[in-house]
Structure formats: C-alpha cells, structure tokens
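This report covers one helix and its surroundings, together with a few backbone angles. The sequence and the model are shown here.

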Amino acid sequence: MKKPRIYTMSFASVYPLYIQKAEKKDRTKAEVDEIIFWLTGYDEAFLQQVLDQKTDFETFFAQAPAMNPNASLITGVICGYRVEEIEDKVMQQVRYLDKLIDELAKGKTMEKILRK
C-alpha cells in the first residue's frame, strides 16, 4: 500500500502554513511552537534542526522525543475524520497537530488547547 503524500512532505514546507494560519487570527509563531513542543517533546533547537534538514512528516513524528500522553485527549473532526478514530498512528499524529493549530486559529485559550 502506498503511503499518504503527507508522510513524504517536509515538515518545513508545512510549518510556515501553520504560522500563517495562526497569524491571520492574531495568534503568534510562539504559540504554534508551544503547541508543537507540547505535542512532540521537541525543543526550539531540535525543531530548528528538523526545519533545516527538511525532515519529512513521518520522520518528524518517528523522531519526536516524547509524544505527549495527553494527546489522546484531542478529539473532534479534522478533514472529515474523527481524530480519535484514525487507526494509522502517524496519520493520527499529523491530524492531532492539525486539530491543535485549528483550535489556536479559532481563538481557544492555550490552556484548553494544551489540555491542561
């Protein structure tokens, strides 16, 4: 079975789109980064390395230092799929990130987005 295209896309190609989506709604790059750090366990230096190396999404999530155990609390629909029902682990992680960025753009507080 062929892998979904998102797996081979570089994270660096999508990252600016996450920032752009957030900034259109008066949110910040720092908030996008905080979401990424919370979900994956990356820090600023490691994220910059991922961006510089144009790491693909599959590798981005495979090398994540520590996926947040509270990620399972992320629920809802993104791109027509319920994130909690996605069986493919990597695709679910991609959609978790999409969902969190959407919540940011919709004006939710960081406390709610980060499931605190």
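## Positive phi values and the packing of α4

Cys-79 lies in the loop between β1 (77–78) and β2 (81–82). Strands (E, at least two residues) and helices (H or I, at least four) are DSSP runs, numbered from the N terminus. The model is predicted: local features need pLDDT of at least 70 and side-chain atom pairs count only at pLDDT 80 or more, while totals for chains, interfaces and linings use all residues. Residues are numbered from 1 along each chain as its sequence is written, and side-chain values use heavy atoms, with hydrogens and water left out.

Most residues other than glycine have a negative phi. The table lists residues with a positive value.

| Residue | Phi | Place |
|---|---|---|
| Cys-79 | near 55° | loop between β1 and β2 |
| Arg-115 | near 50° | segment after α7 (110–113) |
| Lys-54 | about 55° | just after α4 |

Buried means under 20% relative accessible area, exposed over 50% and partly exposed in between, with a 1.4 Å probe and protein chains only. Cys-79 counts as exposed because its relative accessibility is 52%. Arg-115, with a relative accessible area of 17%, is buried.

Helix α4 spans residues 44–52, and its buried residues are Leu-47, Val-50 and Leu-51. These cover an arc of only 100° around the axis, so they sit on the same side of α4; the arc is that of the directions from the helix axis to the C-beta atoms. An α-helix has 3.6 residues a turn, so residues three or four places apart point the same way. The exposed residues Ala-45 and Asp-52 are on the face of α4 turned away from its buried side. At the start of α4, the backbone nitrogen of Ala-45 has a side-chain oxygen of Asp-43 within 3.2 Å.

The cover over the buried residues of α4 includes α2 (11–24), α3 (29–40) and α5 (57–62). Helices α2 and α4 pack at an angle of about 115°, with their axes 8 Å apart. Phe-11, Ala-12 and Tyr-15 of α2 make this contact with Leu-47, Val-50 and Leu-51 of α4, contact meaning heavy atoms within 4.5 Å. The axes are lines fitted to C-alpha atoms over the stretch in contact, and angles run from 0 to 180 degrees between N-to-C directions.

Asp-33 belongs to helix α3. Its relative accessible area is 8%, so Asp-33 is buried. Leaving aside residues up to four places away in sequence, Asp-33 touches Tyr-15 and Leu-47.

How values were computed: A polar contact is a pair of N or O atoms within 3.5 Å; within protein, one must be able to donate a hydrogen and the other to accept it, and residues adjacent in sequence count only if both atoms are side-chain atoms.
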